[in-house]
Amino acid sequence: MTFCLLFLASCRSTCMPEDSTQAIIGITEGWNNSHVSLTLVEKNKAGQWKTVLGPYRGRLGYYGTVWGLGLHRNPLWAAEKKEGDERSPAGVFELGGLWVCNPEPVKHDPAIPYVKVGPNDLWISDKRVPHLYNRHVRLPHPPKTPWQKHEQMNQRDYHHSIKMLVHHNTPQSVGKPKVGKGSSIFFHIWRRGGKYPTAGCTAMAENDLRTIIARLKADRHPVYILLPRNEYLRRRKSWGLP
């Protein structure tokens, strides 16, 4: 199995992939809370989920969370993630590999996709370019136009030097990304010891992020589950969550 598999946008009877035996679980105390508790759990040979790392503190979008587009099915009429809303997408998501420009090596399973981010790498968040929205683009040259420079992946911000992609509204998660429903969602390093929220990503201490990444195994098909506590408890059984 590859680290990232293509799933239908609609959820099956359970949201957890059948072969998934690793999950990062993020729990908040409410939809409008930007603080999150993160644990890594693994399923043992007896089929029991056990916590192996954490809990770690993390930060989410400034305004908290809102339903995102992933392996789950959102409740009818629920508010959903929008570009620029400064909320982190909630639900169940696959992970899409590492995007790194950190000067120190990041220990990881070699089977997990790894991109060395350089000046030619763009991540498209511009709603005016629907065929490229929420996709990675690598130019044959460094950005030249103002638009290319605006969409360039940030190499000058240390807090974005280690990134792990969350498959929210990506081609891998929904087939065709829904323009305006949110783009460029990653795990990355937090700012000033967690004093600041994010624009929609999940941020945590560098050492904690490195520790989780080092533990992940591609053949265990790890996923990210992010939900307010009440929602997690309400949906845990029906969604087949750990």
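In the predicted model, Lys-181 is found in the loop between H2 and E10. With a relative accessible area of 23%, Lys-181 is partly exposed, because the buried class ends at 20%. Not counting residues up to four places away in sequence, Lys-181 touches Leu-69, Glu-80, Lys-81, Lys-82, Glu-83, Tyr-133, His-168 and Asn-169. His-35 stands 146 residues from Lys-181 in sequence, and the C-alpha atoms of the two residues are 22 Å apart in space.

Asn-169, one of the residues touched by Lys-181, is found in the loop between strand E9 (162-166) and helix H2 (171-174). The phi angle of Asn-169 is positive, at about 55°, although the residue is not a glycine. Asn-169 has a relative accessibility of 0% and therefore counts as buried. A positive phi, of about 50°, is also found at His-221, again not a glycine. His-221 is placed in the loop between helix H3 (206-215) and strand E12 (223-228). The relative accessible area of His-221 is 1%, so this residue is buried. A further backbone feature occurs at the peptide bond from Gly-54 to Pro-55, which is cis, with omega near 10°. Pro-55 belongs to strand E3, which covers residues 49-59.

Aromatic pairs were examined next. A pair of aromatic rings is described by the distance of the centres and the angle of the planes. The count comes to 7 aromatic pairs. One of them is formed by Trp-67 and Trp-239, which meet edge-to-face at 6.0 Å centre to centre, with 65° between the planes. This pair links distant parts of the chain: Trp-67 lies in strand E4 (residues 65-67) and Trp-239 in helix H4 (residues 229-239), 172 residues apart. Both Trp-67 and Trp-239 are buried. Together with Trp-31, Trp-67 and Trp-239 form one aromatic cluster.

Trp-99 and Phe-186 form another edge-to-face pair, with 6.5 Å centre to centre and 80° between the planes. Trp-99 is in strand E5 (residues 88-100) and Phe-186 is in strand E10, so the pair ties together parts of the chain that are 87 residues apart in sequence. Trp-99 has a relative accessibility of 8% and so counts as buried. Phe-186 is likewise buried, with a relative accessible area of 0%. The ring of Phe-186 also has a charged residue over its face: Lys-163, at 4.3 Å from the ring centre.

The loop that follows strand E10 (186-189) and leads to strand E11 (202-204) holds Thr-198. Thr-198 has a relative accessibility of 10% and therefore counts as buried. The side chain of Thr-198 reaches the backbone oxygen of Cys-201 at 2.8 Å. Neighbours within four places in sequence left aside, Thr-198 is in contact with Arg-59, Leu-60, Gly-61, Tyr-62, Ser-88, His-188 and Ala-203. Among these contacts of Thr-198, Arg-59 falls in strand E3 (residues 49-59) and Ser-88 in strand E5 (residues 88-100). His-188 lies within strand E10 (186-189), and Ala-203 within strand E11 (202-204).

Notes
Residues numbered from 1 in each chain as written. Predicted model: local features only at pLDDT ≥ 70, side-chain atom pairs only at ≥ 80, totals over all residues. Heavy atoms only, no water. Helix = DSSP H or I, 4+ residues; strand = E, 2+ residues; numbered from the N terminus. Buried < 20%, exposed > 50% of the residue type's maximum accessible area, 1.4 Å probe, protein only. Polar contact = N/O pair within 3.5 Å; in protein donor to acceptor, adjacent residues only side chain to side chain. Contact = heavy atoms within 4.5 Å. Phe/Tyr/Trp six-rings, centres within 6.5 Å; stacked < 30°, edge-to-face > 60°. Lys NZ or Arg CZ within 6 Å of the ring centre and 35° of its normal.
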